[in-house]
Amino acid sequence: MKRAIFPGSFDPLTLGHYDIIQRGITVFDELIIAIGINAEKRYMFTLDQRKQFIQEAFKEEKKIKVLTYQGLTVDFCKKMDAGFILRGLRNPADFEFEKAIAHTNRKLSEIETVFLLTSSGKSYISSSIVRDVIRNGGDYTGLVPDTVRFQGKNE
Ligand code: ADP
């Protein structure tokens with residue numbers, strides 16, 4: 001049973017994440033989408049909203065679970081008995097950043113990080129750009145799945 005964790009903030013879920021998740025479930029038997037809770041970070045969407053967007057987007061998909069976690073991703077992998085971490089790569093900056101994290105995680109554990117390259121046409125999408133568009137009143141709907149909707153002022 002190949003179980004992987006796809007960790008992130010998902011603030012909010014974007015079509016970039018959606019693409020990696022859809023392709024990730026063709027590689028793994030089970031994919032746990034793990035929303036990391038970082039007390040230092042300020043989020044635009046609440047934890048419940050972020051969780052709900054993902055759950056609704058994948059409600060028909062039996063191989064996907066949505067959970068939240070605190071602390072080291074490798075500790076959460078061990079707790080969930082997951083041997084893999086899934087991450088998406090958009091550009092060289094992602095690569096450099098992810099490389100250091102993957103090496104560190106490998107030093108701390110046996111867990112393998114598996115990278116999927118972003119689909120063409122999705123590499124420019126990021127949660128921070130979506131938040132910027134929302135903050136400035138732009139149309140963000142073409143950047144996120146239909147389940148992601150901004151209801152009003154969260155910040
Ligand atoms: P983090 O806070 O860990 O950066 P994110 O929610 O921003 O979490 O991203 C989670 C994962 O999704 C990361 O591996 C990131 O590289 C990947 N990702 C985000 N946007 C895209 C995209 N447009 N294409 C491919 N992967 C993406």
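This report describes the ligand site, the ring pairs, the unusual backbone positions and the packing of helices in one protein model. The model is predicted rather than experimentally determined.

**The ligand and its surroundings**

Around the ligand there are 17 residues, and those that come nearest are S9, G88, T118, K122 and I125. The table lists polar side-chain approaches to the ligand, with the kind of ligand atom in each case.

| Residue | Ligand atom | Distance |
|---|---|---|
| H17 | oxygen | 3.1 Å |
| R90 | nitrogen | 3.2 Å |
| T118 | nitrogen | 3.0 Å |

T118 therefore has two roles in this description, since T118 is among the residues that come nearest to the ligand and an N or O atom in the side chain of T118 lies 3.0 Å from a ligand nitrogen. The ligand taken alone exposes 560 Å², of which the protein buries 87%.

**Helix 1 and the loop before it**

H17, whose polar side-chain atom lies 3.1 Å from a ligand oxygen, is also one of the buried residues of helix 1, a group made up of G16, H17, D19, I20, I21 and G24. An α-helix has 3.6 residues a turn, so residues three or four places apart point the same way. The cover over the buried residues of helix 1 includes strand 1, strand 2, strand 3 (64-69), strand 4, strand 5 (112-117) and helix 5. At the N-terminal end of helix 1, T14 acts as a cap, with a side-chain oxygen 3.1 Å from the backbone nitrogen of G16.

The loop between strand 1 (3-8) and helix 1 contains P12, and the peptide bond that joins D11 to P12 is cis, with omega at about 0°. F10 is found in the loop between strand 1 and helix 1, and F10 has a positive phi of about 50° although it is not a glycine. Both features can be set against a general pattern: most residues other than glycine have a negative phi, and most peptide bonds are trans.

Is F10 buried or exposed? With a relative accessible area of 2%, which is under the 20% limit, F10 counts as buried.

A positive phi also appears at D81, where the value is about 60° although the residue is not a glycine. D81 is placed in the loop between helix 3 (73-80) and strand 4, and its relative accessibility of 61% makes D81 exposed.

**Aromatic rings**

The model holds six aromatic pairs. In the pair of F28 and F84, the ring centres are 5.4 Å apart and the planes stand at 45°, so this pair is tilted. F28 lies in the loop between helix 1 (15-24) and strand 2 (30-36), while F84 lies in strand 4 (residues 84-89), so the pair ties together parts that are 56 residues apart in sequence. F28 is itself buried, with a relative accessible area of 3%.

Elsewhere, ring pairs link F45, F53 and F150 into a cluster. F53 takes part in a further long-range approach, in that its C-alpha atom is separated by 8.7 Å from that of D146, although the two residues are 93 residues apart along the chain. D146 is placed in the segment after helix 5 (127-135), and with a relative accessible area of 64% D146 is exposed. A charged side chain also meets a ring in this model: R50 lies over the face of Y43, at 3.9 Å from the ring centre.

**Helix 4 and strand 5**

Helix 4 (residues 92-108) includes F95, which at 40% relative accessibility counts as partly exposed. The C-alpha atoms of F95 and V114 are 12 Å apart in space, and these two residues are 19 residues apart in sequence.

E98 is also found in helix 4. Which residues is E98 in contact with, leaving aside its neighbours within four places in sequence? They are R87, L89 and F115, and E98 is buried, with a relative accessible area of 5%.

T113 lies in strand 5 and counts as buried at 16% relative accessibility. Apart from its neighbours within four places in sequence, T113 is in contact with I85, R87 and A102. R87 thus appears in the contacts of both E98 and T113.

How values were computed. Residues are numbered from 1 along each chain as its sequence is written. This is a predicted model: local features need pLDDT of at least 70, side-chain atom pairs count only at pLDDT 80 or more; totals for chains, interfaces and linings use all residues. Side-chain values use heavy atoms; hydrogens and water are left out. Rings of Phe, Tyr and Trp (its six-membered ring) pair if their centres lie within 6.5 Å; planes under 30 degrees apart count as stacked, over 60 as edge-to-face and the rest as tilted. Helices (H or I, at least four residues) and strands (E, at least two) are DSSP runs, numbered from the N terminus. Buried means under 20% relative accessible area, exposed over 50%, partly exposed in between (1.4 Å probe, protein chains only). A charge sits over a ring if NZ of Lys or CZ of Arg is within 6 Å of the ring centre and within 35 degrees of the ring normal. A residue is near a molecule or strand if one of its heavy atoms lies within 4 Å of it. A polar contact is a pair of N or O atoms within 3.5 Å; within protein, one must be able to donate a hydrogen and the other to accept it, and residues adjacent in sequence count only if both atoms are side-chain atoms. Accessible areas come from the Shrake-Rupley method with a 1.4 Å probe; for residues, only the protein chains shown count as cover. Contact means heavy atoms within 4.5 Å.
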